[in-house]
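Please open the model in your viewer, colour it by secondary structure, and keep the sequence panel in sight. The stops below each begin with something to select and then say what is to be found there.

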Amino acid sequence: MDYLVFRLYGPMASWGDIAVGESRHSHNGPTKAAVLGLVAAALGIKREEEATHLALNQHYMLATAVKCKGQLLRDYHTVQAPDSVGKFRYRTRRDELVAGRERLGTVLSSREYRMDALAWVALRMSSPDAQAPFTLAHMADALLQPKYSLYLGRKSCPLAAPLQPQLIQAEGFQGAFQQYQPGSLLFSSEPDHQQAAAARYLATDALVEYSWEGELADFSVEPTTDTRTLMTVIQHDQLLSRQRWQFAPRKVLRLYLTEGR
């Protein structure tokens, strides 16, 4: 089975959970909506290309390995905006502040971020004969030369290291992650200093959080895999409409494995 594996690292990331009212929580690791939104931006797919977004979300299976979930940062956020006036729509931020000056109010929200978080991502086609809109090789090329700016869940969260996409043949998501060999996150002309600095400044969690779609056999074919922490969770990140920002529940298997630092 072919896999496309790449990494996501940045000083800040936000992997949106269900957002109701003022609270905008973040998952520990990347959601499917965030990952395929990033891939869509790399491919140059516009938000109004609804059918292409849906095909992208239906024909690929996702797995993530959260190497470091990062420290939690909660931001108290205020935004000044006018209330709605019938069917009238403000076209720009300037319209909101000038034309809607008399109706301005303050919207409060609490937004969560993950600081210094590192995750690996693996994608594969849902079945060999699927009518997938893009090959994994095409997607890897796009990640190397993205058409639009890429970010980690929010536009205020830019990438801080190359994605380093690699095409890998493996039996299961775990095998793909084991073969993935990205470069160091820190740059140095001295390899020994580079490794020491990475260990000091870019600590990784001893307990790695794996999440994937499918069954246990889709993750590992090794009978020795420790499955004592295996659980099933539901995430609301299966895209229904990019334009209306609607998502459906998705079953995800999750497993924690101790892999050392």
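Begin by selecting strands E4 (60–68) and E8 (residues 207–212), which pair in the antiparallel sense over four bridges; keep in mind throughout that you are looking at a predicted model. Within this pairing, pick out Ala65, whose bridge partner in E8 is Tyr210. Now add strand E10 (residues 246–258), which runs antiparallel to E8 and is joined to it by six bridges. Here the residue to click is Val208, since its bridge partner in E10 is Leu257. Is E8 mostly covered or mostly open? Five of the six residues of E8 are buried, and the strand is therefore mostly covered.

Stay with Tyr210 and show its side chain together with that of Phe177. A search of the whole structure finds seven aromatic pairs. In the pair made by Phe177 and Tyr210, the ring centres are 5.8 Å apart and the planes stand at 45 degrees, so the pair is tilted. Phe177 lies in helix H5 (residues 173–179) and Tyr210 in strand E8, so the pair ties together parts that are 33 residues apart in sequence. Phe177 is buried, with a relative accessible area of 4%, and Tyr210 is likewise buried, at 4% relative accessibility. If you also show Trp212 and Phe219, you will have the whole of one aromatic cluster, formed by Phe177, Tyr210, Trp212 and Phe219.

Next, select Ala119, which has its place in strand E6 (residues 104–125). Ala119 is buried, with a relative accessible area of 4%. Not counting residues up to four places away in sequence, Ala119 touches Phe6, Arg7, Leu8, Pro30, Ala65, Val66 and Lys67, and so Ala65 from the first stop comes back into view here. A distance label between the C-alpha atoms of Ala119 and Glu209 should read 9.3 Å, although the two residues are 90 places apart in sequence. From Lys67, turn to Trp120: the charged end of Lys67 sits over the ring of Trp120, 4.3 Å from its centre.

While E6 is still selected, look at Asp116, which is found in that strand. What is the sign of its phi? Asp116 has a positive phi of about 60 degrees although it is not a glycine. Most residues other than glycine have a negative phi, which is the background for this stop. Asp116 counts as partly exposed, at 31% relative accessibility. A second case is Gln164, in the loop between H4 and E7, where phi is near 50 degrees, again a positive value in a residue other than glycine. Gln164 counts as partly exposed too, at 27% relative accessibility.

In that loop, between helix H4 (136–144) and strand E7 (166–169), you will also find Tyr151. Tyr151 is partly exposed, with a relative accessible area of 29%. Leaving aside its neighbours within four places in sequence, Tyr151 is in contact with Leu38 and Cys157.

Cys157 leads on to the cysteines. How many disulfides does the structure hold? The structure holds zero disulfides. The closest cysteine sulfur to that of Cys157 belongs to Cys68 and is 15 Å away, which is too far for a bond. Both residues are worth showing in a surface view, where Cys157 counts as buried at 0% relative accessibility and Cys68 counts as buried at 9%.

Move on to helix H2 (residues 50–58), where Glu50, His53, Ala55, Leu56 and Asn57 are buried. To see what lies over them, show the elements that cover these buried residues, including helix H1 (32–43), strand E4, helix H4 and strand E9 (231–241).

For the last stop, select His27, in the loop between strand E3 (23–26) and H1. Is His27 buried or exposed? His27 counts as buried, at 16% relative accessibility. A polar contact of 3.4 Å joins its side chain to that of Asp17. Setting aside neighbours within four places in sequence, the residues in contact with His27 are Trp15, Gly16, Asp17, Arg114 and Gln235.

Methods. Residues numbered from 1 in each chain as written. Predicted model: local features only at pLDDT ≥ 70, side-chain atom pairs only at ≥ 80, totals over all residues. Heavy atoms only, no water. Helix = DSSP H or I, 4+ residues; strand = E, 2+ residues; numbered from the N terminus. Buried < 20%, exposed > 50% of the residue type's maximum accessible area, 1.4 Å probe, protein only. Contact = heavy atoms within 4.5 Å. Phe/Tyr/Trp six-rings, centres within 6.5 Å; stacked < 30°, edge-to-face > 60°. Lys NZ or Arg CZ within 6 Å of the ring centre and 35° of its normal. Polar contact = N/O pair within 3.5 Å; in protein donor to acceptor, adjacent residues only side chain to side chain. Pairing = 2+ DSSP bridges. Disulfide = S-S within 2.5 Å.
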